[in-house]
Amino acid sequence: MTDIFSPVTLGDIMLANRIVMAPMTRDRAGPGDEPTDIMVEYYRQRAGAGLIVTEGTQPSPTGKGYWRTPGIHSDAQVEGWRKVADAVHGEGGRIVMQLMHVGRAAVQANKDAGADTVAPSAIPCADKIPGPDGVPVDTVMPRALAASEIPDVIAEYVAAARNAIRAGMDGVELHCASGYLPMQFLSSNSNQRTDAYGGPVQNRIRFVVETLSALAAAVGPGRVGFRICPGVRFNGMDDANPHETYAALLKAVNGLGLAYCHLIHIPLDGQDALDLVRQHWNGAVIENGGLTFEKAKAVLAEGKAEAVSFGYLYIANPDLVERFRTGAALAKGNRANFYTGEGDDRKGYTDYPMLGA
């Protein structure tokens, strides 16, 4: 029986326990999309996790779509993230950076002036996204990427991964869920291309397979993970056959030696999503989605995953591992401060107390 508090190695990344902090956008980046000292403290407080996956971080100005999300494409951003990585390592933790290119899921007012919005096809995201004032507004019409531009987008991901490692991160995670650019290529409704990157499933998975292969070659496969959510409809996703799409993707990347597959587990008609992953993927799995401590222990005990991740619980419980270990009560987060501190970025971010404080 696997103990949730036992160590585990995912690829080249050694975790002290099997509890992972899931990536969560918190909109606290500073000018120039640089990590702030408050972000350093936020991640330091949560370093008791076996692994922290950072909030989604844009690999380029084009990849940004939300207000105050951090980047990893400038030297100043790299130096800011170095402070975060050093703080987490100083507490004995491990941290990987989630690389998030939002593609069409963007509001122009959230982006740098002149930053483009691109997607596999010129089809806008149907869901509204909050602008700088937090009020959801319509997304912009994306420009369809030319086939000749796709290698450049992959190169942006590679440069971002190298920057993340330069900043001291233990690895990177490619965000292939939530209706962002990789998932826009995967999904049949958002990818209406007629070239080698669209149409049949083997073409629609090509962008993600090529990106993961390039990341593995750049920083080592054992430092690269990827996050998926088969069947999710967030940000206008509606794949005609997610079973076929994700079976093909998992089989295509199964031999790359990647560190892990991070599954956001939601109901999937016809087959359980975790069973789908296990059927076509031989590597490590991080299970995520609606987990309680008891459910997480059961998933590990039954050998269904190598690690488990929590998002919401980590907002108000920076010492979540210790609370699980001791059976202490869990604090509840204030949703009003998930994406804003109402004038003070620390509010609802770094001011949740540790046990005994």
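Which residues of helix 1 are buried? The legends below take up this question and two further views of the predicted model.

**View 1. Buried residues of helix 1 and their surroundings.** The buried residues of helix 1 are Met39, Val40, Tyr42, Tyr43 and Gln45, where buried means under 20% relative accessible area with a 1.4 Å probe and protein chains only. They pack against strand 3 (19-21), strand 4 (51-53), helix 2 and strand 5 (95-99), contact being heavy atoms within 4.5 Å; helices (H or I, at least four residues) and strands (E, at least two) are DSSP runs, numbered from the N terminus.

**View 2. Helix 1 against helix 2.** The axes of helix 1 (residues 37-45) and helix 2 (residues 75-90), which are lines fitted to C-alpha atoms over the stretch in contact, come within 8 Å and cross at roughly 25°. Helix 1 is therefore roughly parallel to helix 2, a term for angles under 35 degrees. On the helix 1 side the contact is made by Asp37, Met39, Val40, Tyr43 and Arg44, and on the helix 2 side by Gly80, Trp81, Lys83, Val84, Ala87 and Val88.

**View 3. Aspartate 239 in its loop.** Aspartate 239 is found in the loop between strand 11 (224-228) and helix 7 (242-253), and it counts as buried because its relative accessibility is 15%. Its side chain is joined to that of threonine 245 by a polar contact of 2.6 Å (a pair of N or O atoms within 3.5 Å, of which one must be able to donate a hydrogen and the other to accept it).

Residues are numbered from 1 along each chain as its sequence is written, and side-chain values use heavy atoms, with hydrogens and water left out. In this predicted model local features need pLDDT of at least 70 and side-chain atom pairs count only at pLDDT 80 or more, whereas totals for chains, interfaces and linings use all residues.

Definitions and conventions: Axes are lines fitted to C-alpha atoms, for helices over the stretch in contact, and angles run from 0 to 180 degrees between N-to-C directions. Angles under 35 degrees count as roughly parallel, over 145 as roughly antiparallel, 65 to 115 as roughly perpendicular and the rest as oblique. Buried means under 20% relative accessible area, exposed over 50%, partly exposed in between (1.4 Å probe, protein chains only).
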